[in-house]
Every structure is written in structure tokens, then in C-alpha cells.
Amino acid sequence: MIPDIKELSIELHDVEEAVADAIKYANKLGVSASECAISRSSGINVGTRLGEVETVEFNQDGALGITVFRGQQKGSASTTDLTAKAIRAAVEKANDIARFTSADPYAGLAPAELMATEIPDLDLCHPADQSAEFALEQALACEQHALQLDPRIVNSDGAGYSSHVGYRVYGNSHGFVAGYLQSRHSLSCALIAKSGDAMQRDYSYTVARNRDDLWSPEYVAKDAVDATISRLDSKKIATAKVPIIFRADVANSLFGHLVAGISGGSLYRKSSFLVDHLGKQVLPEWLTITERPHLAGALASSPFDHEGLATHNREIVADGILQTYLLTSYSARKLNMQPTGHAGGIHTWEVNTQVDDLAALCKQMGTGLLVTELMGQGVNIVNGDYSRGAAGFWIENGEIQYPVEEITIAGNLKDMLQNIVAIAGDVDMRHGVRTGSVLLEEMRIAGV
């Protein structure tokens, strides 16, 4: 049961016409501007545990959102019913709401001259088998293989497989209407290992636009087993101040805090540790971050943002200097700046690397902590204070000595970002921020 790409393309065209009709109807009601978006996704999620089927869910989700402006007054409504009658009712409701809202001098559409004029094919849609039989085959094979690899694996938290395909369409009264197809597939496995009376849990997963790019069930199983077994016999360590490596699969969170810090909403509210840092050094001089929204098949690629603005390659940070904020049209007007095409988020960041791999990064560090898991939400974007639970491995002479747990790492994001010493080439491709493992000069560890 594979969704037909031709049928999806026809449906996408029909939805684009429905969006255009909604905007035309809004104009007939006398609004000064309007915008409309429809997103739709269909697919399957399955879960297994210890060889038994736990969940089989077929999803078909779709929603339309309409926003109209009467001068600077704004009204919004939504509907999951995508019939012409329901869409018109949503437009009327949004118009009624706009009549009673307070005027906001910063409200309105993004500038017409910045709308995307070309919609490149970014190879984002690869439909795959969405039958329950195939999905369960993948999850069961992954978990079964994992349970056979090592006798210390004594239990499973389950395996899961998902496959979804859909589209996003956006239009506004500037005359812009466009959409694109997209897909997403994933496979995961979580395991429990035991040594003596102590148990540890870890997992592995793979995600891609194209199912052919997923790791095999056997690879995910082995990766999950290796991760779980490596955590057995974890120790506590003494409180200290030492160098720290964020392994690639958690390092993206470090740059995720940078995203939050330079996003328009935080900036115009003066609630970011990076207020007034445009054009200033936020990272080491050797470090550059480039946004590449048109990378074919990438998970965060997009031909336009959620306001219809064209997306472009751009340097976010060049030689450590912050080159741009991340602004929607609203936050841009608040800051008296131009929007940057980031309504809806970032579009594939690439972080430059210095060192070949994680092993080389550990050698460079010598003695310190390798962080492989972060817990808790102790990050204050307002002042940059950072304190999170962590687990990982203690490193001496560039080699892993033993796993560690029940520790807290702490610092300040501004210092952490500027004190990055090196980044390895073990880039994790499963995130919108593509980065390798990151070595920080020093952080505080609260242990025993």
C-alpha cells in the first residue's frame, strides 16, 4: 500500500485552488489582507514490544488556518473540514473576529517583494509502503534482532516504525499560492540491559525523507544494543570543573539554544541572552554556521517559509560573528528590520568541523566528560544560565574509562558558545542542525 505520487500531486493542486478560493472569498468580505495555509499528512505508526504488537495507528490529519486583516485588526480561524462550505465558514468566522480585536500596528502580511517566485523541487517526497504488515515487519525484525545480540539485554521498551506523506500549501492576498509534497519515515528501538542488580536503558533511531535512506532494522538494533550495554556499571564522579564533549546526537541542542537566542520573538521582548548581539562575536573566530534550505532530501529543507517568503542560503554566523537574526514579518516590524524567512523555524544549518571524528576529539580533550544524554529543562534563554542533568563517559588520556550517571553540568550559554574548542566530523544528519561532536573548554560538574 504505497501512496500514489501522481494522485498526491493532483490533490495538492486541488488544495492550492481551495486556498486561492478562500483568499478570494475573504477579499469579497472587504478585508484589507488575508492569508491561508493547509497542511495534511497521512500514514501509519506501529509499536511492538517483546515480539507482540502494541499499537497500529493509521493517521489522516489535515487542517486549514485562515487569517484576515481589517487594517491592523486581525482575526484567525481554523477547520479540519476541508469542504468548500466549511472553508467559507472559517473565513467568515475569522472576519467576524477581526472586527472586534484591538488594532496592532505591527500586524500584517510579509512584504510582497520578498515572496518566493520560484518553487524548486527539493526531493522531499518519497512515498513508501504504509501497510500494517510492512510496518510491523520492520519493527518486529529490529526488536527481535536486538534481543538476540547480547545476553545482558534483558528487556525491551519496544520498537516503532512510522511512515507519513503529505503536503503544505500557503497562500495570501499578495497573489502568492504554492505548496509542496513531503514525506517522513522512521524506525526506533529502545532496550534495557542488566548487570548485577543495576539496569540501564538506551535507544537508537533512524529518520529520513526517503525510506531507502533509513538504517536497516539490524543496524538500528545493533546501535541500540551497543548504546545500552555501554552504560552498564555506571559510576558517579566527584564535583569538578573539566572540559566537556557534547556527542553529536546531543550537540544539536547546544545550537538549538542559539536558535532560541537569536529568534525575533525573544529579541523584541528583550528576553534573550543575545539581545543586541547582531554583528558581534557569539562563537569562536574559526566557527561558521551556514543555512542551506534547498538541500535535496534534507529533513529541514523548504522552498519557502510559513509566510511564503523565499528561503535562501545564508551565513548565520561567519568567523564567529552573528550575521543575522531569525525574523518573522511580525518580529521584523517590531525590530524595524527585514524578515529573514524563518516563520516556522530554521532550514538545515551546517556547522563547520575541525577534527576528523569523535575519537580524535577525545584525544584532543585528554581528560574530561563525554556527554551522551541530557535531562531536564534547566536552560534560561533570558540570561543564558544552563544547568541540566547528564550521563555519559569519563575520559582519561583520550580514552573512555567508564560510564557515568547522576551528574549535573552547569555554565552560561554565552560562555559555552564562545568557549567551543573544536567540532568533530561525526555529523549527525537526523536533525535540522547538522553538527558533529562539540568540545567545550570547561564546564562545572556537580557530582558526589
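Student: Into how many nonpolar, polar and charged residues does the lining of the largest pocket divide?
Tutor: The model is predicted. Its largest pocket has a volume of about 780 Å³. 28 residues line this pocket. By class they come to 11 nonpolar, 6 polar and 11 charged.

Student: Which residues lie nearest the centre of the largest pocket?
Tutor: Start from the lining, which holds 28 residues. Two or more of them come from each of β6 (198-208), α4 (217-229), α5 and β12 (368-375). The ones nearest the centre are Y203, R247, D249, T372 and R430.

Student: What volume does the second largest pocket have?
Tutor: Its lining also has its list of central residues: Y180, Q182, R209, L299 and H306 are the closest to the centre of the second largest pocket. β1 (33-49), β4 (153-172) and β5 (177-195) each give two or more residues to that lining. The volume is about 480 Å³.

Student: How many nonpolar, polar and charged residues has the lining of the second largest pocket, by class?
Tutor: Take the second largest pocket, with 28 lining residues. By class they are 8 nonpolar, 15 polar and 5 charged.

Student: Which residues line the largest cavity?
Tutor: The count gives 1 cavity of 30 Å³ or more. The largest cavity has a volume of about 40 Å³. Its lining residues are Q200, R231, S234, T372, A391, G392, F393, P403, V404 and E405.

Student: Which elements each supply at least two residues of the lining of the largest cavity?
Tutor: The lining divides into 4 nonpolar, 4 polar and 2 charged residues. A391, G392 and F393 are in it, as are P403, V404 and E405. The strands that each supply at least two lining residues are β13 (385-396) and β14 (399-412).

Student: In what order do the 6 strands of the open sheet stand?
Tutor: The chain has 9 helices and 17 strands. In this open sheet of 6 strands, the pairing is antiparallel. The order is β3-β2-β1-β4-β5-β6.

Student: Which are the edge strands, where each pairs on one side only?
Tutor: Read the ends of the order β3-β2-β1-β4-β5-β6. The twist averages 20 degrees from one strand to the next. The strands that pair on one side only are β3 (73-79) and β6.

Student: Over how many bridges do β1 and β2 pair?
Tutor: C36 stands opposite I66 in β2. V46 stands opposite V56 in β2. β1 and β2 (residues 52-70) pair in the antiparallel sense, and the bridges number 17.

Student: Which residue in the turn of the β1 and β2 hairpin has a positive phi?
Tutor: The hairpin has 2 residues between its strands. One residue in the turn has a positive phi of about 50 degrees, and it is L50.

Student: Which residue takes a positive phi in the hairpin of β2 and β3?
Tutor: β2 and β3 pair in the antiparallel sense over 7 bridges. V68 stands opposite G75 in β3. The hairpin has 2 residues between the strands, and the positive phi near 70 degrees belongs to G71.

Student: Which helix lies across β2 and β3?
Tutor: The helix covers residues 84-98. It runs at about 150 degrees to β3, and its name is α2.

Student: Which are the edge strands of the sheet β10-β9-β8-β11-β16?
Tutor: This is an open sheet of 5 strands with mixed pairing. Within it, β8 (residues 289-291) and β9 (residues 314-318) pair in the antiparallel sense over 3 bridges. I289 stands opposite V317 in β9. The order β10-β9-β8-β11-β16 has as its edge strands β10 (321-322) and β16 (433-434).

Student: At about how many degrees does α5 run to β11?
Tutor: Helix α5 (residues 248-261) lies across β8, β9, β11 (349-351) and β16. Its angle to β11 is about 120 degrees.

Student: Where is the place of D233?
Tutor: Phi of D233 is near 60 degrees, a positive value in a residue other than glycine. D233 sits in the loop between α4 and β7 (240-246).

Student: What is the radius of gyration of the chain?
Tutor: The chain has 9 helices and 17 strands. The globule rule gives 22 Å for 448 residues, and the chain comes close to that, so it is as compact as a globular protein of that length. The radius of gyration is 24 Å.

Conventions. Residues are numbered from 1 along each chain as its sequence is written. This is a predicted model: local features need pLDDT of at least 70, side-chain atom pairs count only at pLDDT 80 or more; totals for chains, interfaces and linings use all residues. Side-chain values use heavy atoms; hydrogens and water are left out. On a 1 Å grid over the protein atoms alone, a cavity is a set of points where a 1.4 Å probe fits but cannot get out, and a pocket is an open set with protein on both sides within 12 Å along at least five of seven lines; lining residues have an atom within 4 Å of a point. Grid points are joined across faces, edges and corners, and a volume is the space filled by probe spheres set on the points. Helices (H or I, at least four residues) and strands (E, at least two) are DSSP runs, numbered from the N terminus. Ala, Val, Leu, Ile, Met, Phe, Trp, Tyr, Cys and Pro count as nonpolar, Asp, Glu, Lys and Arg as charged, and the others, Gly among them, as polar. Two strands pair if DSSP finds at least two bridges between them. Contact means heavy atoms within 4.5 Å. Axes are lines fitted to C-alpha atoms, for helices over the stretch in contact, and angles run from 0 to 180 degrees between N-to-C directions. The radius of gyration is taken over C-alpha atoms; the globule rule is 2.2 Å times the number of residues to the power 0.38.
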